[in-house]
Protein chains: 2
Amino acid sequence: MNVLTTRLTEKFGLKYPVFSAPMAFASGGKLAAAVTNAGGLGLIGGAYGDQQWIENEFQAAGNIGVGCGVITWAMKDKPEVVDQILDHKPKALFLSFGDPKDFIEKAHKKDVPVICQVQTFKDAKHAIHCGAEVIVAQGAEAGGHGESRSTFTLVPEVADYICGNAPETLLCAAGGIADGRGLAAALMLGADGVLIGSRFWASEEAIVHSKMLDAALVASGDETIRSSVMDIARRLNWPERYTARVLKNGFTHQWHHDLDGLLENQDEQADLWRAAWQEGNTDVANTFVGEAAGLINSIEPAAKILTSIADEAERLLGRK
Amino acid sequence: MNVLTTRLTEKFGLKYPVFSAPMAFASGGKLAAAVTNAGGLGLIGGAYGDQQWIENEFQAAGNIGVGCGVITWAMKDKPEVVDQILDHKPKALFLSFGDPKDFIEKAHKKDVPVICQVQTFKDAKHAIHCGAEVIVAQGAEAGGHGESRSTFTLVPEVADYICGNAPETLLCAAGGIADGRGLAAALMLGADGVLIGSRFWASEEAIVHSKMLDAALVASGDETIRSSVMDIARRLNWPERYTARVLKNGFTHQWHHDLDGLLENQDEQADLWRAAWQEGNTDVANTFVGEAAGLINSIEPAAKILTSIADEAERLLGRK
């Protein structure tokens, strides 16, 4: 048996125990389909629930089986988006950042398995007891939204709980995994597989401004920061506990320690940030990438990224 | 060859690629000697440089080869402490939290190898170019002082730099490693070994108040926080970039978001905190432990901890 054959590959019929993260705006149908085609499971980033965008991206994925993720708290006022996604018969519904309970029930009624991403041990226990088939334990090193626990301790702590309380639940590690070393390490920590964001963000299929990719390629993980300034600039009502990891830039330098000042100038700064995002002006708009930026040196096709990761992990685990 | 035989075990003549962390106040000679006796390398926690304490603990270690660590910035005004340590012919001098350059030169003049713990990629490069024999890449999940980068990404980023620029330098992972899963994962990420703090803090030989151990045993990693409040309460002039991970308690709840208020009440609060530390009152004095608290369920002799970690890692890596 191949060393990368795990409970996760068996459950979802995959060649490799790898999900691509449903990154808001970046993970379209093309990326998700490429990851699924190459042997993982690709997830479309349904994000805040733009129904037309989601429709377009399921079309872009074609007839390839993919999953779709949403930001849970943003679905509270538009549960119809979850119904829309479930109507596409996705391989899985992915939920993160909010109480998943009601949406898990909704998905199970349509026989769609649920992947719940959590950032704390407490939330992991809740998601397990709500019946999620897969828990993704996401560490603070991840790009985009998250919290403060680290992958290295959150994964084994959740693994122990699953072992003792819900042995049928599967576990993935997320946050900081960008190569075969990370996949091999995650399996050692007790995960059945991994969810990879930043490395697929830096793929040919992701929807990312080229100037943001350029900025990430030369950055060390030192040059990232968890902040709320970009959510304030975008007028997104993220619960306070969640921050987002981005590349530090002039905008974070100016406002990270002055959130009150940013709120006072929100109209002006929001316009500046939005315009900069369109232009790929990385000194104002923030590049959403994790600490793994320091491990990423090239933009590659998603299939090549996935097979490189798998090959390296197999070699490290001594079976190739 | 045993799977736990690495460049680190060869360099220091160890059975296992494991250092015990030189934790201030907790890592005395008894713990360091127990770790060395069991096949790792034990490090005395020289901390802020109390010369009598250091003398006593080298005596307590007996004729067993151990190393000794200090807080680098605190040695700036008392370099004689480093001379005192070097006179004991330690197996290694361990430096963390400050520019190691001058002390590395001092150690090398006496043929003592140097282990430099760093918290950022930038500092890793500096320590490598200063000639440290071993770099310890410490992630934010660690207990006690540290910064914000995570073990999962810092280790491979430094490993890549070493590979390309200083292949003779050795690398250890620190932060979040408390069992064989962590050791195996660290080796997968590219480390030659690990530095373990919290798990040895919860050993029979460590110098820790029993009430603090009790508090840690029941805590999840969720219940830890990085803060500066205990350094303000102790009147220690830590550079702002370093915070310490401790168990959340009434004291962090009251002051973590009100450092100015704490400074205004420093005299009174310092007295309260110090008294609570002596009594083991964990609602005021903070318990210094990492996110790995969620993986620690018992107090054991250090030798048993070390052999359990090694056995589990060997089993996971498929050679036992």
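1. In helix α4 of chain A, which spans residues 80-87, the buried residues are A:V81, A:V82, A:Q84, A:I85 and A:L86. The model is a predicted one, and the points below should be read with that in mind. Buried here stands for under 20% relative accessible area.

2. What do the buried residues of α4(A) pack against? Their partners in chain A are two helices and two strands by label: α3 (51-61) and α5 (101-109), together with β3 (67-71) and β4 (93-96). An α-helix has 3.6 residues a turn, so residues three or four places apart point the same way. Among the buried positions of α4(A) are A:V81 and A:I85, and also A:V82 and A:L86. Just past the end of α4(A), A:K89 has a positive phi of about 50°.

3. A second point concerns a helix pair in chain A. Two packed helices are described by the angle between their axes and the distance between the axes. For α6 (residues 121-129) and α7 (residues 151-165) of chain A, the angle is about 35° and the axes lie 10 Å apart. The crossing of α6(A) and α7(A) is right-handed.

4. Which residues make the contact between α6(A) and α7(A)? From α6(A) come A:F121, A:A124, A:K125, A:I128 and A:H129, and these meet A:L154, A:E157, A:V158, A:Y161 and A:I162 of α7(A). By class, the residues of this contact are 7 nonpolar, 1 polar and 2 charged.

5. Chain A also has an open sheet of 3 strands, with the order β7-β11-β10 and antiparallel pairing. The edge strands are β7 (144-146) and β10 (224-227) of chain A, each of which pairs on one side only. From one strand to the next the twist averages 30°.

6. Strands of a sheet pair through backbone hydrogen bonds, either parallel or antiparallel. In the case of β10(A) and β11 (residues 243-247) of chain A, the sense is antiparallel and there are 4 bridges. A:T224 is placed opposite A:L247 of β11(A).

7. How are the two chains related? A turn of 180° with a shift of 0.0 Å along the axis lays chain B on chain A, with an RMSD of 0.0 Å. This is therefore the relation of a two-fold axis. Within chain B, the C-alpha nearest the axis belongs to B:A185, at 2.0 Å from it. Both copies use the same surface, since 100% of the contact residues of chain B recur in chain A.

How values were computed: Residues are numbered from 1 along each chain as its sequence is written. Chains are lettered from A and ligands numbered from 1 in the order in which they are written. This is a predicted model: local features need pLDDT of at least 70, side-chain atom pairs count only at pLDDT 80 or more; totals for chains, interfaces and linings use all residues. Side-chain values use heavy atoms; hydrogens and water are left out. Axes are lines fitted to C-alpha atoms, for helices over the stretch in contact, and angles run from 0 to 180 degrees between N-to-C directions. A crossing is left-handed if the near helix is turned anticlockwise from the far one by less than a right angle, and right-handed if clockwise. Contact means heavy atoms within 4.5 Å. Ala, Val, Leu, Ile, Met, Phe, Trp, Tyr, Cys and Pro count as nonpolar, Asp, Glu, Lys and Arg as charged, and the others, Gly among them, as polar. Two strands pair if DSSP finds at least two bridges between them. Copies are superposed by least squares on the C-alpha atoms of residues with pLDDT of at least 70 in both. Buried means under 20% relative accessible area, exposed over 50%, partly exposed in between (1.4 Å probe, protein chains only).
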